[in-house]
Amino acid sequence: VLIATVASFIIGWLWYSQLLFGGLWMRLSGIKMNSSQKKSGMMRPMIISIVLGLIASFVLANLIYWLNVSDSMSALRLSLWLWLGFFVPIEANRVLWEGKPWGVYFIGIGHHLVGLSVSALILTTWM
(Lines give C-alpha, C1' and ligand atoms only; values in the text may rest on other atoms or scores of the structure.)
Protein backbone atom coordinates (compact mmCIF):
# COMPACT_ATOMS: atom_id res chain seq x y z
CA VAL A 1 0.00 0.00 0.00
CA LEU A 2 2.85 2.38 0.83
CA ILE A 3 4.66 1.66 -2.44
CA ALA A 4 1.45 2.13 -4.45
CA THR A 5 0.88 5.43 -2.63
CA VAL A 6 4.39 6.67 -3.38
CA ALA A 7 4.13 5.56 -7.02
CA SER A 8 0.80 7.34 -7.41
CA PHE A 9 2.21 10.50 -5.84
CA ILE A 10 5.24 10.43 -8.17
CA ILE A 11 2.96 9.95 -11.18
CA GLY A 12 0.88 12.96 -10.09
CA TRP A 13 4.00 15.03 -9.48
CA LEU A 14 5.31 14.22 -12.96
CA TRP A 15 1.91 14.56 -14.63
CA TYR A 16 1.35 18.06 -13.26
CA SER A 17 4.98 19.16 -13.60
CA GLN A 18 6.35 21.32 -16.38
CA LEU A 19 7.74 18.12 -17.93
CA LEU A 20 4.28 16.92 -18.90
CA PHE A 21 0.98 18.76 -18.45
CA GLY A 22 1.60 21.21 -15.60
CA GLY A 23 1.97 24.33 -17.72
CA LEU A 24 -1.07 23.54 -19.85
CA TRP A 25 -3.14 22.59 -16.80
CA MET A 26 -2.23 25.82 -15.01
CA ARG A 27 -3.00 27.92 -18.09
CA LEU A 28 -6.36 26.19 -18.68
CA SER A 29 -7.21 26.46 -14.97
CA GLY A 30 -6.30 30.14 -14.85
CA ILE A 31 -3.67 29.56 -12.15
CA LYS A 32 -0.77 31.99 -12.01
CA MET A 33 1.96 31.56 -9.40
CA ASN A 34 5.44 32.89 -9.04
CA SER A 35 8.24 30.68 -7.71
CA SER A 36 7.95 31.90 -4.10
CA GLN A 37 4.19 31.18 -4.07
CA LYS A 38 4.84 27.68 -5.41
CA LYS A 39 7.41 26.92 -2.71
CA SER A 40 5.47 28.37 0.21
CA GLY A 41 2.07 27.00 -0.70
CA MET A 42 2.93 23.46 -1.78
CA MET A 43 3.74 21.61 1.46
CA ARG A 44 0.25 21.40 2.96
CA PRO A 45 -1.50 20.23 -0.25
CA MET A 46 1.30 17.70 -0.84
CA ILE A 47 0.90 16.19 2.64
CA ILE A 48 -2.87 16.03 2.30
CA SER A 49 -2.46 14.50 -1.17
CA ILE A 50 -0.20 11.77 0.24
CA VAL A 51 -2.71 10.95 3.00
CA LEU A 52 -5.56 10.81 0.47
CA GLY A 53 -3.42 8.64 -1.80
CA LEU A 54 -2.78 6.30 1.12
CA ILE A 55 -6.52 5.97 1.70
CA ALA A 56 -7.12 5.33 -2.02
CA SER A 57 -4.37 2.69 -2.15
CA PHE A 58 -5.77 0.98 0.95
CA VAL A 59 -9.28 0.85 -0.53
CA LEU A 60 -7.93 -0.40 -3.87
CA ALA A 61 -5.91 -3.10 -2.07
CA ASN A 62 -9.07 -4.26 -0.32
CA LEU A 63 -11.00 -4.36 -3.60
CA ILE A 64 -8.22 -6.39 -5.19
CA TYR A 65 -8.31 -8.79 -2.25
CA TRP A 66 -12.12 -9.13 -2.12
CA LEU A 67 -12.41 -9.59 -5.89
CA ASN A 68 -9.50 -12.04 -5.88
CA VAL A 69 -7.58 -10.12 -8.55
CA SER A 70 -4.36 -12.06 -8.97
CA ASP A 71 -2.79 -11.18 -12.32
CA SER A 72 -1.77 -8.01 -14.11
CA MET A 73 -4.45 -8.20 -16.81
CA SER A 74 -7.19 -8.47 -14.18
CA ALA A 75 -5.61 -5.57 -12.26
CA LEU A 76 -5.66 -3.41 -15.39
CA ARG A 77 -9.24 -4.45 -16.15
CA LEU A 78 -10.32 -3.51 -12.61
CA SER A 79 -8.57 -0.16 -12.80
CA LEU A 80 -10.17 0.56 -16.19
CA TRP A 81 -13.67 -0.20 -14.89
CA LEU A 82 -13.15 1.84 -11.71
CA TRP A 83 -11.80 4.72 -13.80
CA LEU A 84 -14.65 4.54 -16.31
CA GLY A 85 -17.36 4.15 -13.67
CA PHE A 86 -16.17 6.73 -11.16
CA PHE A 87 -13.42 9.09 -12.28
CA VAL A 88 -14.70 9.80 -15.80
CA PRO A 89 -18.25 10.81 -14.77
CA ILE A 90 -17.25 12.60 -11.55
CA GLU A 91 -14.60 14.69 -13.29
CA ALA A 92 -17.06 15.45 -16.14
CA ASN A 93 -19.37 17.06 -13.60
CA ARG A 94 -16.58 19.50 -12.75
CA VAL A 95 -16.65 20.66 -16.36
CA LEU A 96 -20.42 20.71 -16.63
CA TRP A 97 -21.20 22.41 -13.31
CA GLU A 98 -18.04 24.30 -12.36
CA GLY A 99 -17.23 25.61 -15.82
CA LYS A 100 -13.79 23.98 -15.99
CA PRO A 101 -12.33 23.65 -19.51
CA TRP A 102 -12.47 20.24 -21.20
CA GLY A 103 -8.68 20.30 -21.42
CA VAL A 104 -8.48 20.25 -17.61
CA TYR A 105 -10.89 17.30 -17.67
CA PHE A 106 -8.78 15.26 -20.09
CA ILE A 107 -5.56 16.00 -18.20
CA GLY A 108 -7.24 14.95 -14.94
CA ILE A 109 -8.82 11.73 -16.17
CA GLY A 110 -5.59 10.75 -17.92
CA HIS A 111 -3.76 11.19 -14.63
CA HIS A 112 -6.37 9.11 -12.79
CA LEU A 113 -6.18 6.29 -15.34
CA VAL A 114 -2.39 6.04 -15.23
CA GLY A 115 -2.17 6.38 -11.43
CA LEU A 116 -4.94 3.87 -10.78
CA SER A 117 -3.51 1.36 -13.25
CA VAL A 118 0.01 1.55 -11.81
CA SER A 119 -1.32 1.28 -8.26
CA ALA A 120 -3.45 -1.76 -9.18
CA LEU A 121 -0.46 -3.43 -10.83
CA ILE A 122 1.76 -2.80 -7.80
CA LEU A 123 -0.85 -4.01 -5.35
CA THR A 124 -1.66 -7.13 -7.36
CA THR A 125 2.02 -7.99 -7.65
CA TRP A 126 2.57 -7.85 -3.88
CA MET A 127 -0.68 -9.37 -2.65
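The side chains of R94 and E98 meet in a salt bridge, with 3.7 Å from N to O. The two residues sit four positions apart in helix α5, about one turn of the helix. This is a predicted model.

R94 has a second partner. Its side chain also forms a salt bridge with that of E91, at 3.5 Å from N to O. Because E91 and R94 are three residues apart in helix α5 (residues 72-98), about one helical turn separates them. E91, R94 and E98 are thus linked in a network of salt bridges. A search of the whole structure finds two salt bridges.

| Salt bridge | N to O distance |
|---|---|
| E91 and R94 | 3.5 Å |
| R94 and E98 | 3.7 Å |

Is E91 buried or exposed? E91 counts as buried, because its relative accessibility is 16% and the cut-off for buried is under 20%. R94 has 35% relative accessibility, so it counts as partly exposed. That value falls between the 20% limit for buried and the 50% limit for exposed.

**Overall fold**

The protein has six helices and zero strands. Along the sequence the pattern reads α-α-α-α-α-α. The C-alpha atoms fill a box of roughly 45 × 30 × 20 Å, taken along the principal axes.

Of the 127 residues in the protein, 31% are buried. Contacts were also sorted by sequence separation. Among those with a separation of 6 or more, 72% join residues 24 or more positions apart.

**Surface**

The accessible surface of the protein comes to about 8,500 Å². Carbon and sulfur atoms account for 72% of that surface.

Which residues make the nonpolar surface patch of about 1,000 Å²? They are V1, L2, M43, I47, I48, V51, L52, L54, I55, F58 and V59. Helix α4 (residues 43-66) supplies the largest share of the patch, nine residues. Among the patch residues is also L2, which lies in helix α1 (residues 2-15). L2 has 62% relative accessibility, so it counts as exposed. The cut-off for exposed is over 50%.

**In brief**

Helix α5 holds the linked residues E91, R94 and E98. Helix α4 gives the nonpolar patch its largest share, and L2 of helix α1 is also part of that patch.

Technical notes:
Residues numbered from 1 in each chain as written. Predicted model: local features only at pLDDT ≥ 70, side-chain atom pairs only at ≥ 80, totals over all residues. Heavy atoms only, no water. Buried < 20%, exposed > 50% of the residue type's maximum accessible area, 1.4 Å probe, protein only. Contact = heavy atoms within 4.5 Å. Areas by Shrake-Rupley, 256 points an atom, 1.4 Å probe, with all protein chains shown as cover. Patch = residues over 30% accessible without salt bridge, like charges linked within 9 Å, V, L, I, M, F, W, Y side chains within 5 Å. Salt bridge = Lys/Arg side-chain N within 4 Å of Asp/Glu carboxyl O.
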